[in-house]
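Here are a few short exercises to try with the model open in your viewer. Have a go at each task before you read the solution.

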Amino acid sequence: MSTPTDDPAISTSRKRYEIAETVLRQNITDGTLPPGLVLLEGPIADILQISRVPVSRALQRLESENLVHRFAGRGFLVGPAGKNIEPIRADIRTFGLAIPAHADEALQSRSSWERIYNIVEADVAGCVVFGQYRIVETELASHFNVSRTVVRDVLARLMERGLVRKNQSSHWIAGPLTAQTVKDHFVLRRIVEPQAIAANASGIGRPALMALLARLGELERLDPVHHAGSIEEVQGLFLETCVLSGANERLSDMARNNLLPVHAAERLLRRLGLPSDPAVVTELRLIVELLLRGAVTAAAAMMETHLESAANRMIAQMKIVAIIPGPSQTAAYLTRVQE
């Protein structure tokens with residue numbers, strides 16, 4: 001993200017969708033976001049640290065100005081309609097979105113649940129592999145000095161991501177995240193994601209695949225010790241380009257929701273010092289090469305093989321974690337439940 005710049009035209013009193021609209025318009029008109037770039041609500045919301053709703057409204061307003069337009073896939077394309085612009089599916093974070101200082105300041109006044117969500121998610125994800133923990137709403141509210149309404153918003157979003165659940169007594173429970181849990185999610189991944197690749201193949205632009213192939217090739221040539229953090233980034237780019245950006249929204253949503261707890265487990269393993277496997281890069285490169293050749297069936301089959309290997313790698317790391325002593329200290333609102 002570029003260093004924020006001052007822009008007095010942006011007031012902290014403006015609504016979030018207006019601020020998002022102004023930021024996106026500026027980056028489109030100055031060429032930071034090139035014609036054809038696929039704009040998705042989720043990544044933009046993450047950068048601006050707001051929910052998807054104001055981003056969606058901002059994109060609709062920009063569409064009315066013919067600065068972006070809808071197309072056969074998910075999201076919007078930068079540029080006017082009717083120009084046959086080739087979609088570019090790339091991570092918007094790599095384009096250095098410029099956010100004026102006044103906009104950044106205004107967006108920081110976002111609702112309380114958004115301000116504490118990342119902290120709570122990190123606290124929860126850091127302990128669930130070691131067992132089962134109870135979260136008491138009143139203790140969580142007291143810990144962050146927020147209302148129980150805010151706490152329920154946070155917990156509801158954690159539940160969407162598969163990190164917490166309610167038990168039969170209506171208590172909030174986090175974990176345990178076990179090898180079997182991970183295995184179950186990968187079973188669904190092997191059913192859904194190869195089908196998504198096959199369904200999306202005709203709509204994936206060749207420039208997007210070539211850019212993805214080049215990025216994967218760069219990582220393969222690096223010493224593994226230098227690209228641990230980049231593997232997660234390129235996996236996300238691959239999934240967004242080949243799996244999650246298709247016209248079949250129900251299939252994409254199913255795949256995306258199932259990925260949330262898997263990604264939580266991956267982040268936890270990285271936080272505990274367990275490395276990513278560089279073999280992932282080669283496996284994804286082979287899938288992209290097959291798609292570039294038009295071998296869609298083979299690409300879907302290779303995706304299934306990749307997911308089987310990925311499941312085995314993650315389960316092996318989960319077994320390593322199982323023998324590591326649990327955290328000596330957890331957040332005050334997390335109470336270990338004896339199983």
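**Exercise 1. Find the residues that form the nonpolar patch on the surface, and say which helix gives the most to it.**

Solution. Keep in mind that this is a predicted model.
- Start with the members: V187, L188, I191 and M254 make up the patch, and together they have about 340 Å² of accessible area.
- Next, look at where they come from. Helix α8, residues 179–200, is the top contributor, with three residues.
- Now zoom in on V187, which sits in helix α8. Its relative accessible area is 46%. Patch members need over 30%, so V187 clears that bar at 46%.

**Exercise 2. Work out whether E137 is buried or exposed, and which side chain it joins through a polar contact.**

Solution.
- Place the residue: E137 belongs to helix α6, which covers residues 137–144.
- Check the cover. The relative accessible area of E137 is 11%, and buried means under 20%, so E137 counts as buried.
- List the neighbours. Leaving out residues up to four places away in sequence, E137 touches R148, V151, R152, L155 and W172.
- Pick out the polar partner: the side chains of E137 and R148 are joined by a polar contact of 3.0 Å.

**Exercise 3. Track down the backbone oddities: which residues does a cis peptide bond join, and where do N145 and S170 lie?**

Solution.
- Recall the background: most residues other than glycine have a negative phi, and most peptide bonds are trans.
- Go to G175 and P176. The peptide bond between them is cis, with omega about -5°. P176 is in the loop that runs between β6 (172–174) and α8.
- Move to N145, a non-glycine residue whose phi is positive, near 55°. You'll find N145 in the loop between α6 and α7 (148–160), and at 71% relative accessibility it's exposed.
- Finish with S170, where phi is also positive, near 65°. S170 lies in the loop between β5 (164–166) and β6, and with 49% relative accessibility it's partly exposed.

**Exercise 4. Count the disulfides, then check how buried C127 and C242 are.**

Solution.
- The sulfur atoms of a pair must be within 2.5 Å to count, and on that rule there are zero disulfides.
- C127 is buried at 1% relative accessible area, and C242 is buried at 0%.
- For the wider setting, 47% of the chain's 339 residues are buried.

Methods
Residues numbered from 1 in each chain as written. Predicted model: local features only at pLDDT ≥ 70, side-chain atom pairs only at ≥ 80, totals over all residues. Heavy atoms only, no water. Patch = residues over 30% accessible without salt bridge, like charges linked within 9 Å, V, L, I, M, F, W, Y side chains within 5 Å. Areas by Shrake-Rupley, 256 points an atom, 1.4 Å probe, with all protein chains shown as cover. Salt bridge = Lys/Arg side-chain N within 4 Å of Asp/Glu carboxyl O. Helix = DSSP H or I, 4+ residues; strand = E, 2+ residues; numbered from the N terminus. Buried < 20%, exposed > 50% of the residue type's maximum accessible area, 1.4 Å probe, protein only. Polar contact = N/O pair within 3.5 Å; in protein donor to acceptor, adjacent residues only side chain to side chain. Contact = heavy atoms within 4.5 Å.
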